[in-house]
Amino acid sequence: MNNLFQALMDIVGEDHISNRQEELFIYSWDLGTTEPHKPDFVVSPRTTKEIQKIMELANREKIPVVPLGGGLSLAGLAVPFKGGILVDLKRMDTIIEVNEQARYALLECGVSQGQLTSYLERNHPHLTHSEPGAPPTATIAGNAAIHGQGDLSQPYGFNSDMINGLEIVLPTGEVCCFGSCSIGAGWFTQHPLPDVGLFLGWTGTTGIITKISLRLFPCKKIRGTALFVVDDEDQVPEIYYKITHTQMCEDIVAFSQTIPPYAGGLHHFTVNLAADSEKELELKQEIIFDDALGKIIQQGYGGYLGFTPGLQHPQISKTSDWRKGGGFEYVGGIMPVSQYPECYRRGKEISERHNIPYTVLGRCIGAAHAMMFSWTYAFNRSDPETIHHAREAMRETDELALELGGTIWKPGIYGQKLVMDRMDPNTLELMKKIKQLLDPNGIMNPGNWEVKS
Amino acid sequence: MSLADFEYGDIIHRCFRCGYCKFPVNWMDVNNCPAYARYRMESYSCGGRLWLTRAWLMNEIQWTDHLAHILYSCTACKNCEVKCPLGINVDILNMIRAAKKEMVEQGKIPTAARDFLESIQLHGNPYRIPKSKRGVWMDEAGIERYQGQEYLYHVGCVGAYDTRAREAAKKLGRLLQKCGVSFGALGEAEPCDGNEVNHMGEEGLFEMMVEDNISLLNSLGVKKVITLSPHSYNAIKNDYPRYGGKFRILHYTQLLEKLIEANRLNPTVEMRIKVTYHDPCFLGRWNAEYDAPRSVLKSIPGVSLVEMERNRESSLCCGGGGGNFSMDLLGGSPDSPARRRVHEALATGANILAVACPKCLIILEDAVKVEGLDDKLIVKDIAEIAAESCGIM
Amino acid sequence: MYTLKFDEQKCLRCPTHACLTKCRYMDMDKDSAGEEILRIARGEDSFVLHDCVTCYACEEYCPMNNHPFYLIVQRQEELNVPPLPRPLIRRGINMGVPFRGDPVIEELNGKALLMGAFSDHMFLIQGRLFEGLPVISSDPRKMFHYFCQLMYLHYSRISVINERLPKIINTISMHNVTEIICFHDECYGAYTSYCPAMGIDVPFKPIHLFEFLYNRLLELKDQIRDVNLRVAYQRPCSARLSPDKHHFVEDIFRLIGAEPVPRKYSGEDALCCGGAIEGQRREGSRKRALDIQRRNISDMADAGAEVCVFNCPACYHTMEHSVAQKGIKPVYMSDLCRLAIGERPARWR
């Protein structure tokens with residue numbers, strides 16, 4: 001171990017490696033309910049070259065490597081279950097290029113959502129990216145790697161659909177590029193080369209993303225949120241359908257929650273609108289709220305609550321403090337939109353069973369092709385009983401998501417097993433072969449997506 | 001001490017470690033917590049410190065030098081409190097200070113912190129220089145002893161002893177003389193104000209100092225105080241009243257602003273400089289004074305004021321608060337906050353980096369030298385710029 | 001339990017039926033106005049119940065002091081013709097439910113200022129004008145214990161008001177106050193107009209904020225410097241419940257050297273901010289609200305207003321952006337008064 005420490009220190013420098021209890025403690029914890037496991041070393045490399053050397057060393061020594069971005073998955077995806085080297089990637093935070101005309105940004109893997117948001121606001125006000133509902137410390141690459149979604153997922157799909165190219169360090173230490181960049185043609189498209197995209201959704205078990213080219217989208221002068229509300233969950237899928245048909249908005253989210261009381265039992269839609277002029281904004285409002293939803297309002301089943309200019313940046317951590325407890329975790333199901341009512345009703349039951357105020361949310365992906373439905377369970381970090389309840393509720397919800405015909409987004413170990421139990425055996429076998437090909441010594445983020453023989 | 005006995009035991013678990021605390025207001029850089037900027041490990045972030053403190057109090061980890069280093073690397077710059085979206089934000093630094101206090105009580109603090117506190121106790125300053133030398137600066141500048149004048153000019157340890165800061169202290173004194181302000185200083189009788197002692201968790205010593213200082217000032221009939229250092233300003237303004245010390249307190253930039261408004265200070269020498277201003281934490285985030293220093297600069301002829309991208313509430317701390325000016329737990333790296341900061345200043349195109357704090361003055365000037373920017377950027381106190389514009393060289 | 005003091009005979013004797021002829025949102029002659037209000041008085045349906053935008057103005061227009069607006073709202077509820085969609089009503093009703101513990105009751109034995117459900121607007125009661133004045137409902141977590149409930153007039157829910165308001169009055173009374181300065185004139189209207197109309201006892205003396213401000217300014221008269229601003233006042237719906245206090249608007253303006261611009265939509269002819277209208281069920285409500293707002297703000301701009309003075313936070317939030325877009329600065333009355341005595345209000349730039 002001493003030799004390993006020295007070898008790692010030689011790679012990253014003495015300020016950027018630790019095997020002291022404080023770092024091992026902090027990096028053993030996920031922010032959700034996953035039990036902690038300590039790494040043997042924590043390193044924070046600055047370059048792809050350093051990561052390459054770390055991988056070569058780890059592969060040679062057959063020691064686990066766990067890549068970490070913002071560390072905000074809440075599902076324990078970067079908990080070093082089998083120890084090894086925890087690689088904190090946040091020092092790799094250079095915004096290498098923003099191509100205004102071709103609308104993409106080339107980023108190192110540690111660039112945070114907040115950093116990119118701010119950079120674009122200050123330097124490229126006509127461009128924006130699909131900002132996820134996570135705190136600004138979440139990384140762009142981490143979010144794409146787990147198939148995250150953001151506030152442009154309704155028009156443009158999963159954030160992982162917005163990738164133009166990747167640079168990857170393989171578990172065996174080779175650096176590979178994917179997309180147009182691989183033929184030296186710049187970073188503007190992922191297609192139409194042979195598809196070798198084997199690094200998304202794998203939870204860091206097939207390699208480490210070191211660079212990402214992310215699509216950017218037009219940012220209009222006025223962006224804001226209109227609010228609409230219904231009191232019957234059975235109407236929600238139809239409203240998603242009607243609003244998406246207009247093709248007039250950005251994000252569409254329906255939510256319902258116990259706290260504050262006015263939100264309980266109701267389903268609020270936040271509908272993000274963007275426009276370059278008041279005229280455009282009014283046209284969009286008219287088409288959505290007068291034409292598409294006007295009848296519902298007149299019949300008294302749905303209510304329009306006005307438009308507020310200015311987008312609220314995510315403040316998700318407030319949810320964590322509802323029980324004055326500093327913790328929450330959620331199951332994100334990728335669900336058919338038609339299942340909203342059942343997701344809501346059954347989720348509410350689970351929450352009530354575990355004495356947790358219910359909090360659910362459905363974010364539209366694509367033209368209502370799917371929704372990310374989240375069931376959030378707050379817990380009190382200082383009360384083991386509430387942590388136990390949240391963990392149990394999470395497991396029941398993992399099962400519910402699959403039962404209702406959906407799949408689990410960024411599942412933890414428990415959810416991964418449920419998914420693999422249901423997976424087509426041939427697909428599973430292919431996953432196994434790919435994993436063996438890329439990571440012959442099984443060093444990458446072990447415990448995750450382990451296909452049993 | 002167990003978690004149950006910890007003053008903030010009922011809230012310390014409420015930090016989610018979401019990481020907002022690392023950012024400035026506009027999210028442009030994840031490095032706005034000076035300790036995190038320097039070390040870039042989660043343990044050195046605000047959330048890391050809170051989680052580690054809790055783990056220590058719950059006996060999940062043991063005290064180590066490294067743990068003490070992590071706690072004491074907090075400069076109390078208050079960026080975390082500004083950014084934290086939770087209701088616990090008002091108590092973040094109270095929690096850190098309470099954890100340091102527990103370390104003090106157990107006698108387990110970094111050596112540099114112990115040396116600092118010992119020196120304060122023995123000599124009344126962190127430099128281990130005899131008290132008798134504390135008045136040298138004012139004799140050099142021809143400043144009167146305090147004898148019931150309108151203002152007491154409190155210069156603070158750094159302004160009194162550090163060669164570079166003394167220049168600023170003297171310039172300010174001469175500037176005030178020129179404006180006809182009635183003031184005096186205490187010289188060798190001036191006590192340390194205790195701001196750093198407080199933020200290093202030495203509560204007993206701090207209380208003793210405050211009580212002594214209040215009775216000294218009261219016995220001298222002091223009603224109004226001006227300070228060179230925002231650190232002194234903060235302690236006298238926000239902590240002394242709890243112990244019965246009620247003084248009208250001004251940071252010197254606030255007084256200069258008033259003097260300019262009243263036409264008593266008339267900077268006339270055309271300076272022809274491009275200036276960027278670095279907000280000191282104990283003037284800015286701690287006391288919401290962002291305008292007075294800027295207003296003074298703007299009133300000086302030939303000053304073109306440009307802002308760094310991180311300014312006002314978003315300002316990046318130089319790394320000198322919480323005793324770190326003396327302990328230097330954040331130095332020694334290109335990632336040290338002061339070294340990051342001078343590059344940000346340079347990027348504005350300014351040739352002068354203006355400060356309003358003697359600690360910032362020295363730390364940033366050192367950073368300019370280490371980064372080899374001497375020929376591009378000069379660090380100056382606003383007092384110096386204003387004095388020079390009034391012909392005081 | 002409580003019964004609205006409405007006298008049909010007064011309507012029969014009414015020479016004008018101004019309640020409906022003056023309505024800014026419905027067009028009626030005197031005869032049809034008389035017919036419709038009597039229809040409503042007798043408990044029958046009327047298009048008025050469906051088309052009412054709930055702007056409160058008929059309370060002011062009625063020359064017989066006969067509470068036509070309260071009657072309309074009561075009938076909307078009885079006949080189930082709510083102006084708002086169902087979920088908005090449910091949302092609104094639940095909004096007023098306190099859920100963060102009980103307030104700390106401090107006995108004040110005298111005069112106090114009541115923030116009602118606007119405890120998050122404490123920044124508006126700072127400075128010398130309010131110095132030394134004890135405040136009731138200063139904690140946003142507890143503010144719904146002090147919520148006058150009159151908002152539910154927009155929601156066709158007299159029943160909710162009558163159920164909750166006596167409890168609110170009781171909570172306020174527990175502070176042992178004699179005089180209550182109401183931060184919002186909806187509270188003032190609740191205690192001086194609605195409660196008497198319903199026979200609800202109010203054991204303290206409410207004071208209108210503008211009356212208080214005027215008298216405080218007189219006390220500080222030597223500190224007043226003319227603000228020299230051309231102002232337009234956005235009169236809120238709740239002001240219709242206390243028309244006798246409306247003169248304080250001009251009185252204050254005169255005292256602080258603000259020049260009210262001559263405009264069409266002022267006094268009795270004031271237009272609603274649109275906040276209560278945009279979500280209503282009636283077809284075209286969103287556009288109607290927008291149109292009202294546009295006419296209102298253009299009127300201010302055409303008259304040369306530099307500042308739009310607000311009383312009600314709901315009006316402020318509804319209109320601040322549109323007003324600012326027209327180059328008019330939105331400001332609360334209390335902040336304007338602070339400006340006149342040389343203070344710098346929190347939001348003044």
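This report covers the domains of chain A, its contact with chain C, and the nonpolar core. The model is predicted.

**Domains of chain A**

The domain assignment splits chain A into four parts, listed below.

| Domain of chain A | Residues |
|---|---|
| domain 1 | 2-88 |
| domain 2 | 95-218 |
| domain 3 | 222-309 |
| domain 4 | 316-417 |

Take domain 1 and domain 4 of chain A. Their C-alpha centres are 29 Å apart. The two domains touch: domain 1 of chain A supplies 8 residues and domain 4 of chain A supplies 11 residues. On the domain 1 side, 5 residues are polar and 3 nonpolar, with no charged residue.

**Chain A against chain C**

Here 20 residues of chain A meet 19 residues of chain C. Which elements of chain A give two or more residues to this side? They are strand 12 (222-230), helix 8 (278-292), helix 9 (294-298) and strand 15 (302-309). Strand 15 of chain A gives the most, with 6 residues. By type, the chain A side holds 12 nonpolar, 6 polar and 2 charged residues.

**The nonpolar core**

The largest nonpolar core has 375 residues. Which residues have the most contacts inside it? They are V87(A), L364(B) and L114(C). In soluble globular proteins, nonpolar side chains tend to be buried together.

L114(C) can be followed further. Neighbours within four places in sequence are set aside here. L114(C) then contacts I136(C), S137(C), Y146(C), I172(C), I180(C), I181(C), C182(C), F183(C) and C187(C). A contact means C-beta atoms, placed from the backbone, within 7 Å.

Technical notes. Residues numbered from 1 in each chain as written. Chains lettered and ligands numbered in written order. Predicted model: local features only at pLDDT ≥ 70, side-chain atom pairs only at ≥ 80, totals over all residues. Helix = DSSP H or I, 4+ residues; strand = E, 2+ residues; numbered from the N terminus. Nonpolar A, V, L, I, M, F, W, Y, C, P; charged D, E, K, R; others polar. Domains from an automatic or database assignment. Core = buried A, V, L, I, M, F, W, Y, C linked by C-beta atoms within 7 Å. Buried ≥ 20, exposed ≤ 12 C-beta atoms within 10 Å, placed from the backbone.
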